[in-house]
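Reader: Got a minute to go through this one with me? Let's put it on screen first.

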Amino acid sequence: MRDPYEVLGVPRSASAAAIKSAYRKLAKKHHPDSNTNDPKAATRFAEINSANEIIGDEEKRKQYDRGEIDADGKPRFQGFPGGGSGRAGPGGFESYSFRSGPGGGGGGGNFEDILNSMFGGAARGGARSGGAPFEFDSGGIGVDLDLSVAMTVPLEEAINGAEKRVRLPTGKELNVKIPAGVTEGQQIRLRGQGETLAGHRPGDLLITVNIAPHAFFKVDGSDLRLDLPITLYEAVLGSKVRVPTLGSAVELSIPKNTSSGRTFRLKGKGLPRPAGGVSGDLFVTTRIMLPDGSDAELESLMQKWRDGRPYNPRRDLG
């Protein structure tokens with residue numbers, strides 16, 4: 001992947017807040033749901049998410065800036081650990097000595113051991129062809145073959161499950177089954193679908209699921225929250241209004257003299273719980289909406305009310 005700072009368009013000196021702001025703007029701009037006619041939108045969106053996972057995380061950003069991990073979050077090769085015979089060579093690289101024969105001094109394992117540690121035993125039996133084994137001063141290399149991608153799904157698909165197609169950084173595409181009831185930030189592991197390297201078990205594919213913002217529901221744990229617009233006369237006189245849910249719509253009774261911001265709880269109308277668990281609730285908050293444009297008759301009525309029945313809802317604020 002490209003340099004995360006370049007992907008998000010921020011300098012290396014950028015503050016955490018600047019990085020967060022840049023990520024949000026780019027994620028909104030390149031979200032696949034907003035670019036349905038652009039086949040490259042999903043790839044750009046995944047790259048933006050991956051960049052944010054590196055420099056949007058304080059610890060990973062420090063590791064990246066120190067050169068300990070690469071742009072994909074994988075550890076960089078820092079030389080062979082252990083062994084005191086490593087010496088700084090030209091360009092800052094460390095040099096290590098190979099020795100032949102069992103009496104090379106200092107130990108550190110023979111070349112067959114090194115190959116076995118690197119290639120899982122694939123080189124077994126191939127290092128002693130000349131009689132005397134080779135020896136090396138230090139230990140093996142850890143190889144991370146896992147791949148990480150982000151996937152954004154609509155709320156309905158997170159609840160009911162779906163099959164989605166994901167494009168990997170390698171260019172490979174896979175059909176992935178999203179289980180019903182998946183939550184924000186949950187990871188799906190597909191074993192053996194990561195990168196491959198001779199002599200090593202294939203890595204895994206780690207998919208982080210993000211739930212796309214809904215048009216009117218907000219997810220709060222297992223609960224849902226909804227702002228419900230109501231008219232001035234519904235608030236004053238009371239009424240029954242239609243409220244959408246994840247299933248069919250229901251009627252909510254608005255009592256007389258309901259203020260804007262009053263919250264009603266619809267039990268069991270939130271996110272369903274799998275395996276027969278208790279579902280969350282839907283919290284509905286009223287928002288009084290005035291008619292669009294000016295209304296002389298309404299203004300006249302409010303002036304009479306102000307002059308004849310004044311009241312101060314902010315009296316407790318000091």
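Reader: How much area does the protein expose, and what share of it do carbon and sulfur atoms supply?

Author: This is a predicted model. The protein exposes about 20000 Å². Carbon and sulfur atoms supply 51% of that.

Reader: And what percentage of the residues is buried?

Author: Buried residues account for 32% of the 318 in the protein.

Reader: What does the secondary structure come to?

Author: Eight helices and 15 strands.

Reader: Switching to charges. How many salt bridges does the structure hold?

Author: It holds 19. One of them pairs R12 with D65, with the closest N and O atoms 3.3 Å apart. That pair links distant parts of the chain. R12 lies in the loop between α1 (4-8) and α2 (16-30), while D65 is in helix α4, 53 residues apart.

Reader: Is R12 buried or partly exposed?

Author: Partly exposed, at 48% relative accessible area. D65 is partly exposed too, at 41%.

Reader: Which residue does K62 form a salt bridge with?

Author: E58, with the closest N and O atoms 3.6 Å apart. The two are four residues apart in helix α4, so about one helical turn separates them. K62 is partly exposed at 40%, whereas E58 is exposed at 59%.

Reader: What about E68, where is its partner?

Author: E68 bridges to R66, with the closest N and O atoms 2.8 Å apart. E68 has a relative accessible area of 33%, and R66 has 49%.

Reader: Which residues do shared partners join into one network?

Author: D3, R12, R61 and D65, through salt bridges that share partners.

Note on methods:
Residues numbered from 1 in each chain as written. Predicted model: local features only at pLDDT ≥ 70, side-chain atom pairs only at ≥ 80, totals over all residues. Heavy atoms only, no water. Buried < 20%, exposed > 50% of the residue type's maximum accessible area, 1.4 Å probe, protein only. Areas by Shrake-Rupley, 256 points an atom, 1.4 Å probe, with all protein chains shown as cover. Salt bridge = Lys/Arg side-chain N within 4 Å of Asp/Glu carboxyl O.
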